[in-house]
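Here is a friendly walk through one protein fold. Take a look at the sequence and the structure first, and then follow the points below.

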Amino acid sequence: MIHVTGVDELTDETFDAEVRGETRPVLVEFTADWCGPCRQLAPVLGAVAEEEHERLRVVQIDVDRNPGISTRYGVLSMPTLMVFRNGEPVKSMVGARPKRRLLQELEDVL
């Protein structure tokens, strides 16, 4: 998995407890080692995690090692970004994007 400072790594086993137990919205990146756009998105997610840590938690899950959660939410393309509030998905985006665009797209859920 592409390790990003400030972004926690979840698994099929930890996903529900970590996402449902969080009071802030949670941005989940569904990622894979072989995904080029995921590598491009890594520094963007790190910056967003650092800048928005009071309003948003950023996590990632490797779809190859954790197929259960990916299947549950119908994730077919990488990277897929999903925002969860109170344990439920409220927004989904596919593909890498620059930080400014990502922050604009997240405004309605923060």
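Which residue of β5 does F84 stand opposite? The partner of F84 in β5 is P89. Keep in mind that this is a predicted model. Its open sheet has five strands, in the order β1-β3-β2-β4-β5, and the pairing is mixed.

**The sheet as a whole**

- Strands in a sheet pair through backbone hydrogen bonds, and they can do so in parallel or antiparallel fashion.
- The order β1-β3-β2-β4-β5 places the five strands in an open sheet, and β1 (8-10) and β5 (88-94) stand at its edges.
- Each of these edge strands has a single partner strand, so one side of β1 and one side of β5 are left without a neighbour in the sheet.
- On average, neighbouring strands of this sheet are turned by 30° against each other, ignoring direction.

**The parallel pairs**

- β1 and β3 run parallel and are joined by three bridges.
- One residue to find here is L10, whose bridge partner in β3 is I61.
- β2 and β3 also run parallel, with six bridges joining them.
- I61 of β3 turns up again here, as the bridge partner of F30.

**The antiparallel pairs**

- Strand β2 (residues 26-31) and strand β4 (residues 80-85) run antiparallel, and five bridges join them.
- Across this pair, V26 stands opposite F84 in β4.
- β4 and β5 run antiparallel too, joined by six bridges.
- The hairpin of β4 and β5 has two residues between the strands, and in this hairpin N86 takes a positive phi near 55°.

**A closer look at β3**

- In a regular strand, side chains alternate between the two faces of the sheet.
- From β3, the residues R57, V59 and I61 point one way, while V58, Q60 and D62 point the other way.
- Six of the six residues of β3 are buried, so this strand is largely enclosed by the rest of the structure.

**Helices against the sheet**

- Helix α2 (residues 36-51) packs on the sheet, where it touches β2, β3 (57-62) and β4.
- The direction of α2 makes about 165° with that of β2.
- Helix α4 (residues 99-106) lies across β2, β4 and β5, and it runs at about 150° to β5.

**How α2 and α4 meet**

- The axes of α2 and α4 are 10 Å apart, and the two helices pack at an angle of about 50°.
- The two helices are therefore oblique to each other.
- α2 passes α4 in a right-handed crossing.
- On the α2 side of the meeting place you will find V44, L45, A47, V48 and E51, and on the α4 side K99, L102 and L103.

**The nonpolar core**

- In soluble globular proteins, nonpolar side chains tend to be buried together.
- The largest nonpolar core in this model has 37 residues.
- F15, L27, V28, F30 and L102 have the most contacts inside this core.
- The elements that give two or more residues to the core are α1 (15-20), β2, α2, β3, β4 and α4.
- The largest share, seven residues, comes from α2.
- Setting aside residues up to four places away in sequence, V28 touches F15, V19, V59, I61, T80, L81, M82 and F84.

**Residues to find for yourself**

- Where is E52? E52 sits in the loop between α2 and β3.
- E52 has a relative accessible area of 14%, so it counts as buried, since the limit for buried is under 20%.
- Apart from its neighbours within four places in sequence, E52 is in contact with L103 and L110.
- N66 lies in another loop, the one between β3 and α3 (67-72).
- With a relative accessible area of 6%, N66 is buried.
- N66 touches L10, T11, D12 and I61, not counting residues up to four places away in sequence.
- Is A17, in helix α1, buried or exposed? A17 counts as exposed, at 60% relative accessibility.
- A17 and L45 are 28 residues apart in sequence, and their C-alpha atoms are 21 Å apart in space.

Key
Residues numbered from 1 in each chain as written. Predicted model: local features only at pLDDT ≥ 70, side-chain atom pairs only at ≥ 80, totals over all residues. Heavy atoms only, no water. Pairing = 2+ DSSP bridges. Helix = DSSP H or I, 4+ residues; strand = E, 2+ residues; numbered from the N terminus. Axes fitted to C-alpha atoms, helices over the stretch in contact; angles between N-to-C directions. Contact = heavy atoms within 4.5 Å. Core = buried A, V, L, I, M, F, W, Y, C linked by side-chain atoms within 4.5 Å. Buried < 20%, exposed > 50% of the residue type's maximum accessible area, 1.4 Å probe, protein only. Parallel < 35°, antiparallel > 145°, perpendicular 65-115°, else oblique. Left-handed = near helix turned anticlockwise from the far one by under 90°.
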